[in-house]
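The following exercises concern a single protein model. Please examine the sequence and the coordinates before reading the solutions.

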Amino acid sequence: MSIRKQMILYFSCVMVVIFTLTELINGWQAYRQLEKNMTASVKELLNLSVKNMDYYFQDTSNVCSSIMADERTQNILQQEIKDDLDGKILGRELNKVVAQYASTRPYITKVYLMDKNRKIITPELRGEQVDKFLNITKNGKILNISPLHKAGYVSGTAKVFSVAKLIYAYNDRTEPLGTIVADIDCKVLEEAVGDYALPLDGRMILLNENGEVLLNKSGKDVQWENGSRKSSSEYVTISEQSQVTGWTLSAQIPRGEFIRSIISQMWLSFAVLIFCLAVIVLVSRKIIHSVYQPLNLLTESMKTVEQGNFDTKIEYNQKDEFSRVIHGYNLMVVKIKALLQEIVEKEQTQRNAELYALQAQINPHFLYNTLNSIRYFAKIYKAPEIREITAALIQLSKASLSSEKFICIRQELELTEQYLAIQKMRYGDIAEVTMEMEEELGDCLIPRFSIQPAVENALFHGILPKGNGKIEVKVHRSGAGIEIQIRDDGVGIEKEQMEEINERLKMAVFSEEGNQEISRLKNIGLENINYRIRIYYGETEAGVRLEEENPGTRVEFYIPMRREE
């Protein structure tokens, strides 16, 4: 069967069957499914609300337990209050204990204690009547919660729930020493319950263990009330009971709204079915164009490959004429990617080999000059200076033979000082060298032997031909990178020659060609430094350049900032 006939038959049959079955099944399942989903959603909402509410009561109970277990509380309750002064002193001590545990709970408006005669010890509440709303018994109940009542010690209409616990001595639980009472602001419970909205204009009711209504929430309106439970025959009721307080949080969804939602959904499904049947008629006439789908996949993939992205792969699972073409195309892209990767790896290997060769050129030059100096002093002076020049040689040789590509700037400057110490033994105080570095750049990394060859170049080609002079090395921050300058006041370089050198440095070429003036920069010279910097950091602003000084020459190179890990 041709692709055209396959596509027309497939899409027509699938669309008719799917939407017909969907409409047949949706009618009788809609009510049950919607009720199930809504019940699960509301149940989860109620569970979150109850957990939030329980948290405040349980945390308040824990605070009360911590206060009553405190040794100072036990001592205060076991003392006899003889007069008002004695009561005030004990009350202040008690306030310190309470503040230690309850000061970080803003929802606890007040914590106070009563002695075993039910008299309040807290000074500011002495004489307050609390027995009228506390019903603390000896039936072993750990947590006692009062009905909602007004807090007499707060101005206005603020209302609270009181959590009360009996206090017993450590070694005697027969008779209580007193009672601890903590008031919880009812507003935190409003937030715990009021943050969630029920679907279909439902309302939320909070009931105590006796079935009395404590809170009634409809929409965003929350009302506290005391009274009997209201009839729920017109509502679908879903409840969740608290294991801490014994209260029940109920959600009531109006049945009328629920039924209207089902009817609306059925009408919508019917309209969708009619629309889809009409679309099938129109689409079937144009379905032949879908034969171009695999061609479009090939075209888009080719565009991606043209942009250099070879990670593309066409997924086509049909068994037709295009499957073999697409499979061959995917294999071709994979092979091209592998070949390009192989070429890149070979080029990188070649660049690394060139880099190691360039670094290896540094060692013979150092050893040659240094050994000449040692021989010179050994022959003429036979003096202790041989120890110093040998120590400097050891440091330079050790650094030269290291396999590490990078070194921190501070160590590079130290190696440069070792090199200058060797040259000073040979040539005396021919050059006055100063080095300046911003302290924070000392741990930044640069390619090994970047500063020393430039200083050597300034010494041999600038200062020695002149007879004496100064060399300045400066390391400072420049934007997001580091700029290093080596200045000398030597004989300098002709302008044309300097331009030619800078042009070669821009090209990042390292070869043995060029005139005599340029060839003096070979081996461990500026082109070596420049080429290694370009290899390490790529074609960026990093690199070496020469600038004319009056008198002398300035060598500058910029590298990105990189610190030791």
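The exercises below treat salt bridges, cysteines, backbone geometry and a surface patch in this predicted model.

**Exercise 1. Salt bridges within and between elements**

Task: Determine how many salt bridges the structure holds, and state where the partners of the pairs Arg 105 and Asp 59, and Glu 93 and Lys 96, lie.

Solution:
1. The count of salt bridges in the structure is 15.
2. One of them joins the side chains of Arg 105 and Asp 59, with an N to O distance of 2.9 Å. This pair links distant parts of the chain, 46 residues apart: Asp 59 belongs to helix H1 (residues 3-69), whereas Arg 105 sits in the loop between helix H3 (84-102) and strand E1 (108-115).
3. Asp 59 is buried, because its relative accessibility is 10% and the cut-off for burial is under 20%. Arg 105, at 24%, is partly exposed.
4. Glu 93 and Lys 96 form another salt bridge, at 3.8 Å from N to O. Both residues lie in helix H3, 3 residues apart, which is about one turn of the helix.
5. Lys 96 has a relative accessibility of 53% and is therefore exposed, while Glu 93 is partly exposed at 36%.

**Exercise 2. A network of charges**

Task: Which residues are linked with Arg 554 and Glu 556 in a network of salt bridges, and are Arg 554 and Glu 556 buried or exposed?

Solution:
1. The side chains of Glu 556 and Arg 554 meet in a salt bridge of 2.5 Å, N to O.
2. The network also includes Glu 483, Arg 487, Arg 545, Glu 547 and Glu 549.
3. Glu 556 has a relative accessible area of 5% and is buried. Arg 554 likewise counts as buried, at 14%.

**Exercise 3. Cysteines**

Task: Establish how many disulfides are present, and explain why Cys 408 is not bonded to Cys 444.

Solution:
1. A disulfide is a covalent bond between the sulfur atoms of two cysteines.
2. The sulfur closest to that of Cys 408 belongs to Cys 444, at 9.3 Å, so the two are too far apart for a bond. The cut-off is 2.5 Å.
3. The count for the structure is 0 disulfides.
4. Cys 408 is buried, with 5% relative accessibility. Cys 186 is also buried, at 7%.

**Exercise 4. Backbone geometry**

Task: Is the peptide bond from Asn 550 to Pro 551 cis or trans, and is phi of Phe 449 positive or negative?

Solution:
1. Most residues other than glycine have a negative phi, and most peptide bonds are trans.
2. The bond from Asn 550 to Pro 551 has omega near 0° and is cis. Pro 551 occupies the loop between strand E16 (543-548) and strand E17 (553-560).
3. Phe 449 is a residue other than glycine with a positive phi, near 55°. Its position is the loop between strand E13 (445-447) and helix H11 (451-463).
4. Phe 449 is buried, with a relative accessible area of 2%.

**Exercise 5. A nonpolar patch**

Task: Which residues make the nonpolar surface patch of about 670 Å², and which helix gives the most to the patch?

Solution:
1. The patch consists of Val 16, Ile 259, Ile 263, Trp 267, Phe 270, Ile 274 and Leu 277.
2. Helix H5 (residues 255-286) gives the most, with 6 residues.
3. Ile 274 is found in helix H5. Its relative accessible area is 45%, so Ile 274 is partly exposed; membership of a patch requires over 30%.

Notes. Residues are numbered from 1 along each chain as its sequence is written. This is a predicted model: local features need pLDDT of at least 70, side-chain atom pairs count only at pLDDT 80 or more; totals for chains, interfaces and linings use all residues. Side-chain values use heavy atoms; hydrogens and water are left out. Patches are made of residues with over 30% relative accessible area and no salt bridge: like charges are joined within 9 Å, nonpolar side chains (Val, Leu, Ile, Met, Phe, Trp, Tyr) within 5 Å. Accessible areas come from the Shrake-Rupley method with a 1.4 Å probe; for residues, only the protein chains shown count as cover. A salt bridge is a side-chain nitrogen of Lys or Arg within 4 Å of a carboxyl oxygen of Asp or Glu. Helices (H or I, at least four residues) and strands (E, at least two) are DSSP runs, numbered from the N terminus. Buried means under 20% relative accessible area, exposed over 50%, partly exposed in between (1.4 Å probe, protein chains only).
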